[in-house]
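Please open the model in your viewer and keep the sequence panel beside it, since the stops below are given by residue number. Each stop names a selection and then says what is to be found there.

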Amino acid sequence: MTAKPSEKITPMMQQYLRLKADHPTMLLFYRMGDFYELFHEDAEKAARLLGITLTARGTSGGNPIKMCGIPFHSLDGYLAKLVKLGESVAICEQIGDPATSKGPVERKVMRVVTPGTLTDADLLPEKAERPLLALCSISQRKVVTAGLAWLSLASGALKLMEFSGDAKTVAARMQQELERIAPAEILRGDSADMFEQNAGANTNRVPDWHFDVVGGHKALLDQLAVATLTGFGADGLGAAFGAAGALLRYAQSTQGRGLQHVRSLTTESETEFIGLDAATRRNLELTETIRGQESPTLFSLLDHCRTAMGSRLLRHWLHHARRDQQVARARHVAIGALSASDATGALAATLGQVPDIERITTRIALLSARPRDLASLRDGLGQLPMLRQAMLRSLTGGPAGDSALLAAIHQALATPADCLDLLTRAVAVEPAAMVRDGGVFAAGFDAELDELRGLSENAGQFLVDLETRERARTGIANLRVEYNRVHGFYIEVTNGQTDKVPDDYRRRQTLKNAERYITPELKAFEDKALSAQDKALAREKMLYEQLLFDLAPHIGVLQTIAQGLAQLDTLTALADHALRHNWCAPQLVEHSCINIVEGRHPVVENQIERFIANDCKFVNERRLLLITGPNMGGKSTFMRQVALITLLAYVGSYVPAASAVIGPIDRIFTRIGATDDLAGGRSTFMVEMTESAGILNAATEHSLVLMDEVGRGTSTFDGLALAWAIARHLIDSSRSFTLFATHYFELTQLPESHPSAANVHLSAVEHKDSIVFLHAVQDGPASQSYGLQVAQLAGVPQGVIKAARKHLARLEAQALDATPQLDLFAMPLADANDEVVAAPATVATTANPAFDELLDALDDIDPDALTPREALAQLYELKRLARPALA
C-alpha cells in the first residue's frame, strides 16, 4: 500500500509503511500496546487465513484503512497456523519508551519467521526437520554445475552438495535431491530459471549477487571460524559455496543475529547413500503411506524412541542409508550388545526424562530460549549419569564383540559439570513461562534480586498487620486491606460503616456497596513495594540475558551430548523392536548376493494375525525372478519386503527374517502401481514408462529393482512386448537384482533363453468358485491368474461374473493353441539384430451359434438345485445340443 504524495499520512502510518517496504512479501505484525496489528492488504490476507475480524479505521486515499489484530500473548498460536500455510511473518516490536517518545514509539522488526527458519518448539514438527535450502547453478558452455546448501536451523546442521552434467541430467538430479532433503523453504536467485519444480516447498527469490562464489566461501570460513575448508571435504567446490553464502545471509537476517550454533559442515557426495527416488520412497512407505498418512509406515512401526531427537535421527537414517557397510555393521553390533545386556528397558525409561536438548541448545544460541527450556535442560543433563551407568553392561561382551559405537556414545554423554552447576544455581525449580512474569531465578543466585523480592513478598505480612491496627483504631470490624493490579493497595469499607472513617483516609474508588480508601502510610508502602517489584522484574531480565550469554561457551558440548542421546535413543528403539518381534542380525558381505531366509514384511506382519514367511535368493547366476500368481496373492508384498529388508540392513537395523546375507547395494528402484499426472499432462501409461525409463538408464549390477506388472496400461501385444524387452534389458545390460511381477505368462519362458532368470509364483488353491491364497513363494510359474475369483471376492455382481466366465470359456475354446493365454513365443522370428523375438499366435474368429447355445445351456444349470429326474433330463438335452455344436 503506497500513499499519494498529496495525501496526509499520520506519523504512525508513515512508520508502518517504511517498515512494510522493507518486507514487502511478508505479513508485518506491528506491535501497538498489547496487540499486533496488520493493515491494508496484510489485514485482508490475515483475516482470511486466521479467521479473525477485519475492521477499518481512518482513511487513506479516500478509502478506509483496513486492519485486524491479535493479542500479543497469543502470537505463537497464530504464527504456527500461518507457517503451516507457508506464510512468512515479520514481527515488529516497540523498542522505545512510550513515556518519553514525542512522536510514534520507536519500532523495529526484531524477528522474521519463515517456513525454513523455525526454531520455536510450538512452530516445529517434533519428529521431523524443516531445513532451509539454497540452490545455485553455474553454466559453462553445455555443462551445468549445480550447488546445494541446506541448513536445519533448529539443530545447526549445515550441509553442501555439488554435481555437474548437461542441463537435463542436472535438472533430474536436482529434483531427486530436493525430494530426498525435503526442504521447507528454497532460496533462488532472481534470474534463476532452472528447476521450476521444487518438491512443494516455499520458494523465495533473493538477489543474484547473494550467490557470489568467493563471498560464499568467505562467509563459510567466517561462520566456522577456520582458515580452510579442507577438513570438511569442501575443497574445489564452486556453486555450492555460492548457495551457502546466500543461505547464511538469509538465515542471519531472519534471526537478527549471528548463528553461533552452526559450527560444523558436512559435504555430501552422490555415492554416500543408497539411492532412493521419490517413487521408491512412496512405494516402500518409509515415512508416509501411499495415501499420504503418517501410519502405518516403516517409521511409525520402528519409532519407539523416547526423545524427539531420536525420532528425527531414525527418520533421517531411513531416508539416508549409507552404502558403507562398516557404518551399518557398527550399528548391528551396538544393537546386539544392547539386546544381550537387557539394558533397553532401563535406558528407555531414563531417556523418557530427557528433553529436546538439540533444539533447546539452538534457542540458547539464538537468545530465544525460555525459562522452562533451561529448567528442562538442567533436568535432562541430570539424567546423564544414570544413562552412562545403564550403558556399562552393553559396552563389552556383545554377540559380535565390543561395540565401539556405544563406547563413543558413552564418552559423549559425560556430564558438563560447569554448565549443570550454573543452571542448578540460577534457575528456579519451576520457573515462570516467560521472563516478563518474574520468578525465573532461584533464591540465593543474586543477592540484589533476593532483597528486591523480599520487599515485595513481605507485603503480605505488612497488610495483615495494617488491617489489624486499622480495625482497632476505627472500630470497623469488617475493614479489609487488599491489592489489585489496577488500583494498587487500598482499604475497603462497606457503606454502612463509612461514618467511622478517620480524617486521614482519602477516597480511591467508589463501589456499589463499599468505598475504597488510601492512607499516607499505605501509599508510602505501595510506592516502595511496587517499585521493588518493577526493579525485581528488570533485574531478572538483565540476569536472564547474562545467563544466556554465560551458557554460550557450552553450546558445542551440548550439541555433542544431543547427538549422543539421539543415537542411543534410536539404537535402543531398534534393539527393543528386534527383541519383541524376533528380528535377526543381517550379514553384510562384499560379494554380490541377496539371500533372505523366511523373510517377512515388517509392517504387514504387524497388521495381520499370521504372516507367511518366504525366502528370496539372488546370486551372480540368478539375477531376475519372474513372479507370477493370482491377484491378491501377495506378489507386491513379497517384492516390497525384500526391498525393506535390504534397506533395513543398510540402515543398521536388525531385519524381519530367520537370516539375511546381503551384498553391496547402490540403489533401490521400484515401479509399483501407477496413477495419472493430470497436472503434468501425463497418462497412467506415460507415468509408468517414465519411471521405467529412469530405472533402465540408471540401474547397475549393484541395484535392487522392483518391477510390478509393467506394460499393463496399453494394448496386450504392446504391453507384452515392452515387458519382455524391459526384462531382457535388466538381465543382459543392467544385470541388476530384479523382482519382476507379471500376469503375462508368456514371459515365464524367458529362463529358457536367459539362465540368470528364474520363475517363482505365489500359490493358491481353488475350491469350487472361490479361491484360497496361500501366500507362499514356490519355484516355477503359476498356472493361472484367478482373475474371476478375485473379482467375485471384490463384490462384482454375480451376473457379471457369470457372463465373464462364459466369455472366458468361449475364448479358450476358440483359441487355436491349447494354452489359455496367447503365446508370445510361439513363432520366433529374427529381428534386425538376429535375436529371438515374440510373434503372437492367431485367434480363430469363426462364429459357431450351436456351440454358443451349448455353453448357454451349461451355464444355466445349477447342479445343487436339480432333482435326479431333472438332472437326467438336462443330460439328454445337453447331448442333443452337443451334436450340431461339435459337428
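A residue is called buried when its relative accessible area is under 20%, exposed when it is over 50%, and partly exposed in between. Keep in mind throughout that this is a predicted model.

Begin with glutamate 598, which lies in strand β19 (residues 594-599) and has a positive phi near 55°, although the residue is not glycine. With a relative accessibility of 44%, glutamate 598 therefore counts as partly exposed.

Next, widen the selection to the sheet, an open one of four strands with mixed pairing, in the order β18-β22-β19-β20. Its edge strands are β18 (587-588) and β20 (614-618), each of which pairs on one side only. At the β18 edge, two bridges link β18 to β22 (residues 659-662), and these two strands run parallel; glutamine 587 stands opposite valine 661 of β22.

Now turn to the interior and select Leu374, Leu381, Leu406, Leu565 and Leu739, the residues with the most contacts inside the largest nonpolar core, which has 108 residues. A second core, separate from that one, comprises 46 residues, among them Leu17, Tyr30, Leu132 and Leu259.

Which helices pack against the buried residues of α12? Select α12 (residues 357-365), a mostly covered helix in which nine of nine residues are buried, including the charged-name positions Glu358, Arg359 and Arg363. The buried residues of α12 pack against α9 (308-319), α13 (371-381), α19 and α20 (555-581). Following α12 comes leucine 367, with a positive phi near 60°.

From there, show α16 (residues 417-426) together with α19 (residues 520-551), whose axes come within 11 Å and cross at roughly 170°. Angles over 145 degrees count as roughly antiparallel, and α16 and α19 are therefore roughly antiparallel to each other; their crossing is left-handed. At the contact, Cys419, Leu422, Leu423 and Ala426 of α16 meet Leu547, Asp550 and Leu551 of α19.

Finish with two loops. In the one between α7 (278-283) and α8 (298-302) you will find proline 296, and the peptide bond leading to proline 296 from serine 295 is cis, with omega near 0°. In the loop between α5 (213-224) and α6 (239-255), select alanine 225, another residue other than glycine with a positive phi, here near 55°. Is alanine 225 buried or exposed? Its relative accessibility is 68%, so alanine 225 counts as exposed.

Terms used. Residues are numbered from 1 along each chain as its sequence is written. This is a predicted model: local features need pLDDT of at least 70, side-chain atom pairs count only at pLDDT 80 or more; totals for chains, interfaces and linings use all residues. Side-chain values use heavy atoms; hydrogens and water are left out. Two strands pair if DSSP finds at least two bridges between them. A nonpolar core is a set of buried Ala, Val, Leu, Ile, Met, Phe, Trp, Tyr and Cys residues joined through side-chain atoms within 4.5 Å. Buried means under 20% relative accessible area, exposed over 50%, partly exposed in between (1.4 Å probe, protein chains only). Axes are lines fitted to C-alpha atoms, for helices over the stretch in contact, and angles run from 0 to 180 degrees between N-to-C directions. Angles under 35 degrees count as roughly parallel, over 145 as roughly antiparallel, 65 to 115 as roughly perpendicular and the rest as oblique. A crossing is left-handed if the near helix is turned anticlockwise from the far one by less than a right angle, and right-handed if clockwise. Contact means heavy atoms within 4.5 Å.
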